[in-house]
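Me: I'm new to reading protein structures and would like to go through one piece by piece. Can you take my questions as they come?

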Amino acid sequence: MSSVRVSPAESFTLKISEIAPDKSISHRSVMFAMLADGVSEIENFLRAEDTLNSLEIVKNLGARVEDDGTLIKISSDGIQEPFEILDCGNSGTGMRLFCGLLSSAEGHFVLTGDKYLRRRPMKRVTAPLISIGAKIDGREKGDLAPLSIRGSSLKAFHYESKIASAQVKSCMILAALRADGVCTYVEPELSRDHTERMLSGMGADVHVDGLQTTIKPMTKLLTPLKIRVPADPSSAFFFAVAAAITPQSSIILEGVTLNPTRIEAFKALERMGADISYELIDNKYEPIGNISIKYAPLHGITIEENISWLIDELPALSIAMACAEGESLVKNAEELRVKESDRIATVVEGLRACGIEVDEYKDGYKIVGGELQSARVESDGDHRIAMSFIIAGLRCGMEVIDLECINTSFPNFFELLEKITDMEIS
Ligand code: S3P
């Protein structure tokens, strides 16, 4: 199991254009290409374990993929029954969205994943899919992977989800595209909306009205996708926190999606006192631009709404909260418990190891800002926990164990971190 020792950072001024491409958009781009009539072109696809697994799966489903290392071209004659078991690796997004895509396809499909993914709840997608006629089974009565899907015809639905989850919403939108009538999906709070934006851009009849999405089944194949994947704000956020906790530092993060459902953590950091500005440079499927972050003394805040807009950034935001003056409170974030690790437990345990006072609740935590101390923290196989505590090390030095997981979303993380501090990887 590899580990890294990070040294405290001196002040820095940086501009980074190589933040890893967006994971959510990369997954979707290769899946949605299977629904198009013609060749989809994807530039700046995220070449990390999670999304490369999705690319491998679409190949197994019969897609023709040409990849020159810069541009990926995908075409297909529809979904074919695969010879292989479909391995989603560590990716909940991969598994849940493929459930929606495959439920109505002709054939038999088996979806599996690594030991972490095989522990994560799938009933949130298998139950609504089964209720509209999907034939899915898995361990624990269909809650845990491996999942077996026998494609079948799906009924039109009106589904009101209790969880604000883009994975559940996207799964059901994909199912709706081939259901036997108009479908409506309602969520309790708006979750990230890449699926709606991308499918509408491809000509699908997907209409969003507040929290309700109405989907008309496809009457013909969609227009191929032509996309350059923007940088991932969730990956960029580690470097935003790096600048926000290192006195006299500033950073510009280039080419990031500025989709409002994805940059809430930057807004939270702004509320804590960091000096942040946004520059819009493009708008195709999504607004895209640069984010500048300058150090300023931070103070504690409460986070209790729009949780799904910053769910992936909460571990890194917790590091900023630990460095802020006063108390910070995170509430209504129970979903953190079913991410790549139980992120309430891993954040609380890691911060306590660093000498920070933290109270743990069922749906969040309270952090009393203080002086971070150097510690040895285990990632629990969770990429965002590993990267968050490495960033904490910029303040006080840190040893973080179990780093392979970082390759699921941000393979060039250490290359970029080297611009800020010294480290020893073993
Ligand atoms: C994602 C949605 C979120 C997020 C995950 C990616 C997506 O999960 O945590 O990293 O691409 O749809 P939930 O929808 O389950 O909250």
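Me: Which residue in β5 is the bridge partner of S40?
Reply: This is a predicted model, so treat what follows as a reading of that prediction. β3 and β5 (residues 71-75) pair in the antiparallel sense, over 4 bridges. Within that pairing, the β5 partner of S40 is I74.

Me: β3 also pairs with β14. Is that pairing parallel or antiparallel?
Reply: Strands of a sheet pair through backbone hydrogen bonds, and they can do so in either sense. Here β14 covers residues 226-228, and I42 of β3 stands opposite I227 in it. The two strands share 3 bridges, and the sense of the pairing is parallel.

Me: Which side chains of β3 point to the buried face?
Reply: In a regular strand the side chains alternate between the two faces of the sheet. β3 (residues 40-43) does this: E41 and E43 point to one face and are not buried. The side chains pointing to the other face, which are buried, are S40 and I42.

Me: On to the sheet with β18 in it. What is the order of its strands?
Reply: It's an open sheet of 4 strands with mixed pairing. The edge strands, each pairing on one side only, are β18 (302-303) and β20 (357-361). From one edge to the other, the order is β18-β19-β21-β20.

Me: What is the bridge partner of E360 in β21?
Reply: β20 and β21 (residues 364-368) run antiparallel and are joined by 5 bridges. In β21, the residue that partners E360 is Y365.

Me: Helices α10 and α11 pack on this sheet. What angle does the direction of α11 make with that of β20?
Reply: α10 (residues 314-323) touches β18, β19 (327-330) and β21, and its direction makes about 25 degrees with that of β21. α11 (residues 343-353) touches β20 and β21. The angle between the directions of α11 and β20 is about 160 degrees.

Me: Now two helices packed together, α8 and α12. Are they roughly parallel or roughly antiparallel to each other?
Reply: Two packed helices are described by the angle between their axes and the distance between the axes. For α8 (residues 233-244) and α12 (residues 383-396), the axes come within 9 Å and cross at roughly 15 degrees. Angles under 35 degrees count as roughly parallel. So α8 and α12 are roughly parallel.

Me: Is their crossing left-handed or right-handed, and how many nonpolar residues does the contact have?
Reply: The crossing of α8 and α12 is right-handed. On the α8 side the contact is made by S234, F238, V241 and A242, and on the α12 side by R384, M387, S388, I391 and L394. By class, 1 of these residues is charged and 2 are polar, while the number of nonpolar ones is 6.

Me: And α6 with α7: how many charged residues are in that contact?
Reply: α6 (residues 166-176) and α7 (residues 194-201) pack at about 30 degrees with axes 9 Å apart, so they are roughly parallel. K169, S170, I173 and L174 of α6 meet T195, E196 and L199 of α7. That contact divides into 3 nonpolar and 2 polar residues, and the number of charged ones is 2.

Me: Is K15 buried or exposed?
Reply: K15 lies in strand β2 (residues 13-16). Leaving aside neighbours within four places in sequence, K15 is in contact with I252 and E254. Its relative accessible area is 55%, and the cut-off is over 50%, so K15 is exposed.

Me: A few backbone oddities to finish. Which two residues does the cis peptide bond join?
Reply: Look at strand β9 (residues 144-150), where P146 has its place. The omega of the cis bond is about 5 degrees, and the residues joined are A145 and P146.

Me: K141 and N306 have a positive phi although neither is a glycine. Is N306 exposed or partly exposed?
Reply: K141, in helix α5 (residues 139-142), has a phi of about 55 degrees, and at 75% relative accessible area K141 is exposed. N306, with a phi of about 50 degrees, is found in the loop between β18 and α10. Its relative accessibility is 22%, so N306 counts as partly exposed.

Conventions:
Residues are numbered from 1 along each chain as its sequence is written. This is a predicted model: local features need pLDDT of at least 70, side-chain atom pairs count only at pLDDT 80 or more; totals for chains, interfaces and linings use all residues. Side-chain values use heavy atoms; hydrogens and water are left out. Axes are lines fitted to C-alpha atoms, for helices over the stretch in contact, and angles run from 0 to 180 degrees between N-to-C directions. Angles under 35 degrees count as roughly parallel, over 145 as roughly antiparallel, 65 to 115 as roughly perpendicular and the rest as oblique. A crossing is left-handed if the near helix is turned anticlockwise from the far one by less than a right angle, and right-handed if clockwise. Contact means heavy atoms within 4.5 Å. Ala, Val, Leu, Ile, Met, Phe, Trp, Tyr, Cys and Pro count as nonpolar, Asp, Glu, Lys and Arg as charged, and the others, Gly among them, as polar. Two strands pair if DSSP finds at least two bridges between them. Buried means under 20% relative accessible area, exposed over 50%, partly exposed in between (1.4 Å probe, protein chains only).
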